[in-house]
Amino acid sequence: MLDIHRPSSAPDTKIYFSHSVLPTYIDPQNVSTKKKPFSAFAAQKYSHTLDLILPEEMYELVKNELHRADSPARAQYARVHMKLSEILEAEFLDTYVKQGNIMMLSEGRPLLDDIFELHNGVLRMELTRPTYERCGLQGVPMEDGGRKHQKQRWVVEYNLREPSMKHGKKGFGRLEWAARNVLDRSLTWLFYNASLTSREALGEGRELIEKHAPRVCEILPEERRLSGVMVPRVSIAGLKDVYNEEEATGLLEWIYMLPLGSPRVEAGDDINPHLSRYEVPDLGKGTGERNMVAVRWKGFMGPAFMREVFLMARKEGFKRREKKVNGTQDMYTDVDMEGGDGVEDEETDWFAMSAQAFGGKNAWTVMQFEGRETLVWEIES
């Protein structure tokens with residue numbers, strides 16, 4: 001037999017699991033970022049892949065909203081070649097940073113290259129030791145897995161929305177000097193503008209970023225239908241069974257296998273047990289066969305995009321219509337029922353979302369049940 005083991009020097013993967021209850025009412029225009037799952041969305045600033053997993057009948061309720069031309073589940077970003085000094089120019093700074101709401105991420109390998117990012121007005125620079133010493137800027141050392149008493153990487157941050165961050169000020173002048181004389185290499189950046197008018201303006205060539213010849217990329221949902229999937233039956237009353245570490249990681253593994261189209265989760269899977277002993281997790285109520293749909297987005301996405309997709313899937317997917325007769329006119333109302341049909345020990349509908357961060361180290365998964373119950377996995381490696 002092969003002696004396969006994890007090297008002792010390899011970093012451990014940490015999974016933080018939580019079970020929370022959403023508020024009775026969520027204002028889509030003023031969502032708190034301090035409660036789960038919204039705090040998990042906010043903690044992961046940049047994601048390159050988002051997966052939405054939901055039953056087929058729930059997808060039929062959601063798909064029209066997903067594919068609508070002005071849907072919050074459709075967005076765009078741009079790839080652009082720029083120098084840091086061009087971002088610090090007065091016109092770009094005032095339009096996109098001080099008055100606008102953009103996020104940018106530069107090319108670069110984690111823990112090896114100089115990496116730059118701009119999010120919520122904060123410019124964050126991860127610099128190698130030689131670059132940092134030449135810049136003359138104030139920063140803090142960061143853990144890089146190297147020798148304990150000799151730091152090789154440093155982090156420098158500037159809040160570009162502060163009143164002192166403008167041309168002619170001393171502190172901003174140091175940053176400008178470093179950008180012109182040390183950090184002067186042209187880089188490939190990912191650029192995302194959260195402004196509601198950005199898509200139309202960029203398409204018509206009216207955006208300031210146009211002078212840098214950006215390549216615009218669409219973020220569109222791609223569906224994949226999964227027939228005859230073995231699904232764990234879950235009830236609100238049975239969620240306490242997921243608190244066990246083995247059950248929680250087993251459920252997370254099953255969710256991850258669905259977007260991959262793994263045959264191990266298919267009802268007709270008959271693989272030899274010597275090749276795979278995988279079994280769909282049983283959370284106390286057994287398993288059942290169900291048709292599922294996996295929707296995937298790929299691109300440059302931030303927490304706001306995740307929040308919009310989550311709220312849309314929750315609103316449309318759990319919509320219930322009760323027919324009320326008022327004279328000769330039928331009226332329909334949406335009913336958000338905690339615990340599905342009000343019986344806690346019966347199987348409850350749900351959907352799941354997973355997002356992968358750039359760099360491959362961080363990810364999160366959310367499992368939202370009909371009502372207010374929410375399971376969240378946050379992964380760090």
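User: Why does leucine 111 count as partly exposed?

Analyst: In this predicted model, leucine 111 has a relative accessibility of 34%. Partly exposed covers the range between under 20%, which is buried, and over 50%, which is exposed. The value of 34% falls in that range, so leucine 111 counts as partly exposed. The residue sits in the loop between strand 4 (102–106) and strand 5 (115–119). Its phi is near 65°, a positive value in a residue other than glycine.

User: What makes alanine 213 exposed?

Analyst: Its relative accessibility is 61%, and exposed means over 50%. Alanine 213 therefore counts as exposed. The loop that holds alanine 213 runs between helix 7 (198–203) and strand 10 (215–219). Alanine 213 also has a positive phi, near 50°, and is a residue other than glycine.

User: Which class does serine 195 fall in, and why?

Analyst: Serine 195 has a relative accessible area of 34%. Since buried is under 20% and exposed is over 50%, serine 195 is partly exposed. Its place is the loop between strand 9 (187–193) and helix 7. Asparagine 101 is 94 residues away along the chain, with 6.6 Å between the two C-alpha atoms.

User: Why is glutamate 253 called partly exposed?

Analyst: The relative accessibility of glutamate 253 is 41%. That lies between the cut-offs of 20% and 50%, so glutamate 253 counts as partly exposed. This residue belongs to helix 8 (residues 245–260). From glutamate 253 to proline 281 the sequence separation is 28 residues, and the C-alpha to C-alpha distance is 9.2 Å.

User: Why is helix 2 called oblique to helix 9?

Analyst: Helix 2 (residues 56–67) packs on helix 9 at an angle of about 130°, and the axes are 8 Å apart. Roughly perpendicular ends at 115 degrees and roughly antiparallel needs over 145. An angle of about 130° fits neither range, so helix 2 is oblique to helix 9. The crossing is right-handed.

User: Which residues make that contact, and how many are nonpolar, polar or charged?

Analyst: Helix 2 supplies Met58, Leu61, Val62, Glu65 and Leu66, while helix 9 supplies Met312, Ala313, Glu316 and Gly317. By class, the contact has six nonpolar, one polar and two charged residues. Glu counts as charged, and Gly is counted as polar.

User: What makes the largest nonpolar core a core, and which residues have the most contacts inside it?

Analyst: The label requires buried residues of the listed nonpolar types, joined through side-chain atoms within 4.5 Å. The largest such set has 42 residues, and Leu50, Leu54, Trp297, Phe310 and Phe351 have the most contacts inside it. Helix 9 (residues 303–317) gives the largest share of this core, seven residues. Apart from it lies another core of 37 residues, including Met82, Ile87, Tyr132 and Trp154. In soluble globular proteins, nonpolar side chains tend to be buried together.

User: What does phenylalanine 310 touch, leaving out residues up to four places away in sequence?

Analyst: Phenylalanine 310 touches Leu22, Pro37, Phe38, Phe41, Phe351, Met353, Val366 and Gln368. Of these, proline 37 lies in the loop between strand 1 (14–21) and helix 1 (38–43).

User: How do you know that the peptide bond between lysine 36 and proline 37 is cis?

Analyst: Omega is about 0° for the bond that joins lysine 36 and proline 37, and this is a cis peptide bond.

Technical notes
Residues are numbered from 1 along each chain as its sequence is written. This is a predicted model: local features need pLDDT of at least 70, side-chain atom pairs count only at pLDDT 80 or more; totals for chains, interfaces and linings use all residues. Side-chain values use heavy atoms; hydrogens and water are left out. Buried means under 20% relative accessible area, exposed over 50%, partly exposed in between (1.4 Å probe, protein chains only). Helices (H or I, at least four residues) and strands (E, at least two) are DSSP runs, numbered from the N terminus. Contact means heavy atoms within 4.5 Å. Axes are lines fitted to C-alpha atoms, for helices over the stretch in contact, and angles run from 0 to 180 degrees between N-to-C directions. Angles under 35 degrees count as roughly parallel, over 145 as roughly antiparallel, 65 to 115 as roughly perpendicular and the rest as oblique. A crossing is left-handed if the near helix is turned anticlockwise from the far one by less than a right angle, and right-handed if clockwise.
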